[in-house]
Structure formats: structure tokens, C-alpha cells
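Welcome! Please take a moment to look at the sequence and the model before you start on the exercises.

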Amino acid sequence: DRYEHREVSCDRERLGLRCPDGRHEHLDAEDQVHDLPEGGRCCPRCGRPYQLFGEDVSEQVSWRVRVWRVVHRRRKYRRCCRCPVPAVVTAPGPAKLTARGLFTTEFCVNLLIARYALGLPFNRVIAMLAFQGLEVAPGTLAGVARRLGVLLEPLAAVIAARSAAAVHAHADETSWRVFGQPADCGGDRWWLWVFTAADTVVYRIAPSRSLKVLEGHYGVSGGQLPEGRGPLVLSSDFFSVYQSFSELDGVTPLWCWAHIRRRFIRAGDAHRKNLGPWADAWITRIGVLYAAHRRLAAAPDGTSEHDRAAAAFGAALDETGAHRRIQGAKPDLLHPAAAKVLATLDREWEGLAAHRDFPRLPLDNNTAERAIRTPVVG
């Protein structure tokens, strides 16, 4: 249920999936001419040929998947003179990602996309290749991926360093089962971490869910962020590790409103008779807060529209805080499930209310949850 109750938007034009006018002119085109049979291009009575008058044009979108062999023929030339130079010269072969590699660069790119961008297991990739006539063993593809990983390590290091220097980031983690463990790994339950910033996404698979992973990613030493690094605003849920990390100087936590919203939903669903209207009222308040935040994010800075949107967002946040204080003042009069949710809201209020100072940043941690979804499903 961590992926319930969230909005996913996709800028189709930015991704190049479709032209704004509904056509697909950005795709390569292949013309197919459909003509009348030779006997149908003349008058059926006198036999006089018809004259070409034009054509009707329509489009379809096709999808072609093909696996083929690339045969490299390296031309060799023999010396025809007696000069002291090599007797035979041979044209150089194609560049390869790995020495003696069987697969082309294009094949390797598609393999990485299928496995890591789309989250397809290797067995499914193998089945797809088999439909095209290529039989390949799982170990072969795993070996290719391992060698490609070595090639990508320098790039991964640069991306990780850029992520660690980001001003704002989202972070999340989920359990991750491993099948072959080092001797000191401590079991088969590891953790997949994700750090998303404005232009980077970094995944780390670690045997620990502890503060060490966060500190390692951001280069924390001696309880301090790296010297010369600016402040960090970290969006996350309110797991204890993120709370401990937020105590570092220079780290500002932004807790996730979607997480607290789910707690109200769960309480209402579990006790619909007693807490249904109460939970619905809280969900409505949070919905008003989200709507005000969207209007604020869309309003240009320095305009009256922005001032009105900022005031509306502040008012929605103040109203939510007022209900929190009023209802939480006498927890003994509340249903135990309601008291528990309100206690969490009160405990995490400072990090939730900090969104007032960062109106351009998302109210939730859905960015990280979306990033972690593909590897989890795969």
C-alpha cells in the first residue's frame, strides 16, 4: 500500500511520446504505396487507361522488434612491391564495449534498458529474445551486465558525487532480498536505498537500514557534512534514521504529507463506524493543503497571484495545525486509533510545517517512491 493514494503525472510532449497535434511526425517514416491492380486502372468498358489523379494518405504506427547477426568483413590487402613494409595490412575491426564481446553496443544498451529502466527480469528478456530466434543462457546475460557494470562505474561515481552535493533531495528505502551473501553480510535481507535530486537518481543496495548509509552517501564525517558543502533539504518519511540525520547542522527535513495522510486513511478504514467521518475530514483538510500548494507552485514569483496563493497555503497549513492542537489536547477522549495518529502528527509537525519555507518543493516523498518502484516490481 505504499504506492496507493498518489498522483503520477507524465509530460508526454517532453518525453517525445506524441506530437502536440496528435500526430507522430517525430517518428521515422516508411512509405508503402498501395495501387490498383493493372487491370483495374482502365475503363472497364472501353479499356482506355485511367490517369493518376492523386492519392489518399493515412498513417499507422508500427512496432518492429528484430534480432539479427552483424557480420564484420575486415578487408585485407597484400603488398605488391618489395618495400620493407608489412606484407599484409588488415582493416581495423569495430569498436567493442568489451574484448571479444559477442553482442553489439546497441544490443547492450537495449539489455540495460530492459533490465534496469523497465525492470524486466532476465528470464523475461530471454523469452523475448527467444521469440526472435535467439537462444541465450541466463548466465550469458548476467555476465554481460557484470562487465557493463565495470564500464559504468566511473560514470556512476560522478552521478553519486553530484547527488551528494545537491541542495535538495528525496530519499527512501525498502527491503531487498539477496541470494548470494558475503560471509559478513548478516543475512539475506538487505535494503535498497534511493536518492533523487533535480538531475540525478542514485540507488544503493546495502546490508543495513542504519544511519551509516545516509552518512556514507552524503560524506558525513565526525557528525558533520563535508566542509564547504551548502545546506541540504531532505524530503523523506519520518523513519527514525531520517530523524537522526536531520539533527546534523545544515540539514533541514521536509516530512512527507502523503505518509501522514495514509495514517488517517488506515485509521478510518479500520474503524469506519467510529472514525470514518473524522478521517474523511482530515483527508479533506490535507486535500485543501495540496490544492493550495499546487496553486502556489504555479504562480509566478513577485505577482499578486503568488501573494494570494502564498496566503492561502499558509492559511491551510495554519488550519491543519489548529485542528491538530485542539483535537490532540485531550487524547483520553479520543478513540485509541485516532489518538495514535494525532500523536504522530504532533510529533512530526515541525518537519511537516517546514514546507511553509520551501513552497516550490513537493509536499510528499512520492518522487523517491516512484523511483524505487521499478526495481521493487522487477
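Below are three short exercises on this predicted model, each with a worked solution.

**Exercise 1. Work out the order of the strands in the open sheet, and find which strands stand at its edges.**

Solution. Start with the order: the five strands are arranged as S5-S4-S3-S6-S7, with mixed pairing. Next, look at the ends. Strand S5 (201-206) and strand S7 (251-255) each have a single partner strand, so one side of each is left without a neighbour in the sheet. Finally, consider the twist: neighbouring strands are turned by 25 degrees against each other on average, direction ignored.

**Exercise 2. Describe how S6 is joined to S7, then find the helices that lie on the sheet.**

Solution. Begin with strand S6 (residues 232-236): S6 and S7 run parallel and are joined by five bridges. One residue pair to look for is Ser235 with its bridge partner Leu254 in S7. Now turn to the helices. H4 lies across strand S4 (189-196) and S5, and runs at about 105 degrees to S5. Helix H12 (residues 366-377) also packs on the sheet, where it touches strand S3 (168-177), S4 and S5. The direction of H12 makes about 30 degrees with that of S3.

**Exercise 3. Place Leu152 in the model and decide whether Leu152 is buried, partly exposed or exposed.**

Solution. First, locate the residue: Leu152 sits in helix H4 (residues 138-164). Then check the relative accessible area, which is 40% for Leu152. Buried means under 20% and exposed means over 50%, so Leu152 counts as partly exposed. Last, see its company: Leu152 forms a nonpolar surface patch with Leu97, Leu151, Leu155 and Ile159, and together they have about 400 Å² of accessible area.

Note on methods:
Residues numbered from 1 in each chain as written. Predicted model: local features only at pLDDT ≥ 70, side-chain atom pairs only at ≥ 80, totals over all residues. Heavy atoms only, no water. Patch = residues over 30% accessible without salt bridge, like charges linked within 9 Å, V, L, I, M, F, W, Y side chains within 5 Å. Areas by Shrake-Rupley, 256 points an atom, 1.4 Å probe, with all protein chains shown as cover. Salt bridge = Lys/Arg side-chain N within 4 Å of Asp/Glu carboxyl O. Helix = DSSP H or I, 4+ residues; strand = E, 2+ residues; numbered from the N terminus. Buried < 20%, exposed > 50% of the residue type's maximum accessible area, 1.4 Å probe, protein only. Pairing = 2+ DSSP bridges. Axes fitted to C-alpha atoms, helices over the stretch in contact; angles between N-to-C directions. Contact = heavy atoms within 4.5 Å.
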